[in-house]
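Trainee: Hello! I am new to this structure. Could you pick one part, look at it closely, and then walk me outward from there?

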Amino acid sequence: MEIKVGDLVRVRGNDWLQKPLGIVTEVKQMLHDQSGTKYTVVTALVGGKYLSFAKESFELISKAERKKN
């Protein structure tokens with residue numbers, strides 16, 4: 001499932017973070033210059049800190065409610 005700004009997420013597999021919940025603040029596409037590999041980076045506000053990891057490092061907990069115009 002696609003992660004978007006405003007979604008509630010949990011950081012996966014990082015025991016030093018104790019799997020806290022966070023709110024997604026940014027989702028962007030990145031390009032690794034040397035290999036040409038494209039990947040998605042998600043930034044979330046977790047415990048008062050902004051953490052940025054690859055999309056696969058986050059588990060979607062709840063989608064944000066979005067108003068349709």
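Mentor: Gladly! Let us begin at Phe53, which counts as partly exposed because its relative accessibility is 22%; here buried means under 20% relative accessible area, exposed over 50%, and partly exposed in between, with a 1.4 Å probe and protein chains only. Please keep in mind that this is a predicted model, in which local features need pLDDT of at least 70 and side-chain atom pairs count only at pLDDT 80 or more, while totals for chains, interfaces and linings use all residues. Residues are numbered from 1 along each chain as its sequence is written, and side-chain values use heavy atoms, with hydrogens and water left out.

Why pick Phe53? A search of the whole structure finds one aromatic pair, and Phe53 belongs to it, with Phe58 as its partner. The centres of the two rings are 6.0 Å apart and their planes meet at 55 degrees, so the pair is described as tilted. (Rings of Phe, Tyr and Trp, the last by its six-membered ring, pair if their centres lie within 6.5 Å; planes under 30 degrees apart are stacked, over 60 edge-to-face, and the rest tilted.) While Phe53 is partly exposed, Phe58 is buried, with a relative accessibility of 3%.

Phe53 also appears among the neighbours of Thr40, so let us move there next. Thr40 belongs to strand 3 and counts as buried, because its relative accessibility is 14%. If we leave aside neighbours within four places in sequence, Thr40 is in contact with Val27, Lys28 and Gln29, and also with Phe53, Ala54 and Lys55; contact means heavy atoms within 4.5 Å.

Now look at the strands around Thr40. Strands (E, at least two residues) and helices (H or I, at least four) are DSSP runs, numbered from the N terminus, and two strands pair if DSSP finds at least two bridges between them. Strand 3 covers residues 38–46 and strand 4 covers residues 49–54; they pair in the antiparallel sense over six bridges. Along this pairing, Ala44 stands opposite Leu51, and Leu45 has Tyr50 of strand 4 as its bridge partner. Together the two strands form a hairpin with two residues between them, and in the turn Gly47 has a positive phi of about 55 degrees.

What lies on the other pairing of strand 3? Strand 2, residues 21–31, also pairs with strand 3 in the antiparallel sense, this time over nine bridges. Here Glu26 stands opposite Thr43 of strand 3. The hairpin of strand 2 and strand 3 has six residues between the strands, and Gly36 takes a positive phi near 80 degrees there.

Let us step farther out to the charged pairs. How many salt bridges does a search of the whole structure find? There are two, a salt bridge being a side-chain nitrogen of Lys or Arg within 4 Å of a carboxyl oxygen of Asp or Glu. One joins Lys63 to Asp7, with their closest N and O atoms 3.0 Å apart. Because Lys63 sits in the segment after strand 5 and Asp7 in the segment before strand 1 (8–11), this pair ties together parts that are 56 residues apart in sequence. Lys63 is partly exposed at 34% relative accessible area, whereas Asp7 is buried at 0%.

The salt bridge of Arg10 and Glu59 has its closest N and O atoms 3.9 Å apart. This pair links distant parts of the chain too, with Arg10 in strand 1 and Glu59 in strand 5, 49 residues apart. Arg10 is partly exposed at 27% relative accessibility, and Glu59 is partly exposed at 30%.

Lys68 is found in the segment after strand 5 (58–62) and is exposed, at 83% relative accessibility. Between Lys68 and Leu45 there are 25 Å from C-alpha to C-alpha, and the two are 23 residues apart in sequence.

Finally, the whole chain. It has five strands and zero helices, so to speak of its order is simple: β-β-β-β-β from the N terminus on. Its C-alpha atoms fill a box of roughly 40 × 40 × 20 Å along the principal axes. Of the 69 residues in the chain, 23% count as buried. Among contacts between residues at least 6 apart in sequence, 41% join residues at least 24 apart.
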